[in-house]
Amino acid sequence: MVGASSPTDQSNAFNGSLAFVWTRERGIHSLGALPGDVASAAQGINDEGEISGISVDAQGDVRAVLWRHGAIVDLNELSFPDSPFSVLLDAFNVNDAGEIIGFGVTTSGDIHGFLLTPCDRYDEGWYPQPHMHDPAEFPAYIREFMRGRHGTR
C-alpha cells in the first residue's frame, strides 16, 4: 500500500506531507521527496516495488517521480529525445511491466496523458520513452489552474 501522510498538524498536500509505502513485514516507511522539495505523494506500486507519484517544491510545482530500488527519480530529468512534453507533472501508476501513466504539459502548453514504456537503453533494461495520448478529460477550471500554475497560459 502506498500514499501520503501528514506527520504534523501543519502538514498539507503542498507542504509537509510525505509519500509512504506500507508492508505487513516492515510497516510504514517514509519515501521522502526530491532534494529541496517540501512534499510528496505515492500513488501506485507494482510487484517489483517500483512506486509512482509526485514531488512538490516550495512554490507548489509538482513533478512526476518514481521510487525505484530505494531511490527517487525525477522523471523529467531523464533524457527524452524529441519529447512532446515540456514537463511531466504526475505519475499516477506503474504496472508490472514498468509502464508508467500520468499527465504532463506539452511543448504547446496543453495538458495530455502520457505512457512511459521501458526500453533497453538504461539501468538494466529500464528507460522510459514518452508517448502522448489524447488530451486528458479535465474540467476547464482544472486545465486553467494547471496552466496558470505551470506558466503555460
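Select Phe-85 and Phe-114 to begin: Phe-85 is buried, and Phe-114 is buried as well. The model on the screen is a predicted one. Display the two side chains as sticks. Their rings form an aromatic pair of the edge-to-face kind, with 5.9 Å from centre to centre and 75° between the planes. Colour strand E8, residues 85-94, and strand E10, residues 111-117; Phe-85 belongs to E8 and Phe-114 to E10, so the pair ties together parts that are 29 residues apart in sequence.

How many aromatic pairs does the structure hold? There are 2. For the other pair, select Phe-92 and Phe-103: the ring centres are 5.4 Å apart and the planes stand at 40°, so this pair is tilted. Phe-92 is found in strand E8 and Phe-103 in strand E9 (residues 100-106), so the contact ties together parts 11 residues apart in sequence. Is Phe-103 buried or exposed? Its relative accessibility is 10%, and residues under 20% count as buried, so Phe-103 is buried. Phe-92, with a relative accessible area of 33%, is partly exposed.

**Strands E8, E9 and E10**

Next, select the whole of E8. This strand is mostly covered, since 7 of its 10 residues are buried. Add E9, where 6 of the 7 residues are buried, so that strand is largely enclosed by the rest of the structure.

Now show the backbone of both strands. E8 and E9 run antiparallel and are joined by 7 bridges. Strands of a sheet pair through backbone hydrogen bonds, either parallel or antiparallel. Two places along this pairing are worth labelling: Asp-90 stands opposite Phe-103, and Leu-88 has Gly-104 as its bridge partner in E9. Follow the chain from E8 to E9 and a hairpin appears, with 5 residues between the strands; in its turn, Gly-98 has a positive phi of about 85°.

Continue to E10. Here 6 bridges join E9 to E10, and the two strands run antiparallel. Phe-103, already selected for its ring, stands opposite Gly-113 in E10. E9 and E10 also form a hairpin, with 4 residues between them, and Gly-109 in the turn has a positive phi of about 95°.

**The sheet E1-E2-E3**

Clear the selection and go to the start of the chain. An open sheet of 3 strands is found here, in the order E1-E2-E3 and with antiparallel pairing. Which strands stand at its edges? They are E1 (2-5) and E3 (27-32); each has a single partner strand, so one side of each is left without a neighbour in the sheet. From one strand to the next, the twist averages 40°.

Select E1 together with E2, residues 18-23: 4 bridges join these antiparallel strands. Label Ser-5, which stands opposite Leu-18 in E2. Then select Val-21, which is also in E2. Val-21 has 12% relative accessibility and therefore counts as buried. A distance drawn between the C-alpha atoms of Val-21 and Val-2 gives 4.4 Å, although the two residues are 19 apart along the chain. While the side chains are on display, a general pattern may be kept in mind: in a regular strand they alternate between the two faces of the sheet.

**The sheet E4-E5-E6-E7**

Move on to an open sheet of 4 strands, ordered E4-E5-E6-E7 and paired in antiparallel fashion. Its edge strands are E4 (39-45) and E7 (71-74), each of which pairs on one side only. The twist in this sheet averages 30° from one strand to the next. Select E6 and E7, which run antiparallel and are joined by 4 bridges. Leu-66 stands opposite Val-73 in E7.

**The largest pocket**

For the last stop, switch to a surface view. Rolling a probe the size of a water molecule over the atoms shows where empty space is left. The largest pocket encloses about 250 Å³ of space. To find it, select Arg-26, Gly-49, Ile-51, His-69 and Gly-70, which are the closest to its centre among the 15 residues of the lining. Which strand gives the most to this lining? It is E3, with 3 residues. E2, E3 and E6 (62-68) each supply at least two lining residues. Finally, colour the lining by class: 5 residues are nonpolar, 6 are polar and 4 are charged.

Conventions
Residues are numbered from 1 along each chain as its sequence is written. This is a predicted model: local features need pLDDT of at least 70, side-chain atom pairs count only at pLDDT 80 or more; totals for chains, interfaces and linings use all residues. Side-chain values use heavy atoms; hydrogens and water are left out. Two strands pair if DSSP finds at least two bridges between them. Axes are lines fitted to C-alpha atoms, for helices over the stretch in contact, and angles run from 0 to 180 degrees between N-to-C directions. On a 1 Å grid over the protein atoms alone, a cavity is a set of points where a 1.4 Å probe fits but cannot get out, and a pocket is an open set with protein on both sides within 12 Å along at least five of seven lines; lining residues have an atom within 4 Å of a point. Grid points are joined across faces, edges and corners, and a volume is the space filled by probe spheres set on the points. Ala, Val, Leu, Ile, Met, Phe, Trp, Tyr, Cys and Pro count as nonpolar, Asp, Glu, Lys and Arg as charged, and the others, Gly among them, as polar. Rings of Phe, Tyr and Trp (its six-membered ring) pair if their centres lie within 6.5 Å; planes under 30 degrees apart count as stacked, over 60 as edge-to-face and the rest as tilted. Buried means under 20% relative accessible area, exposed over 50%, partly exposed in between (1.4 Å probe, protein chains only).
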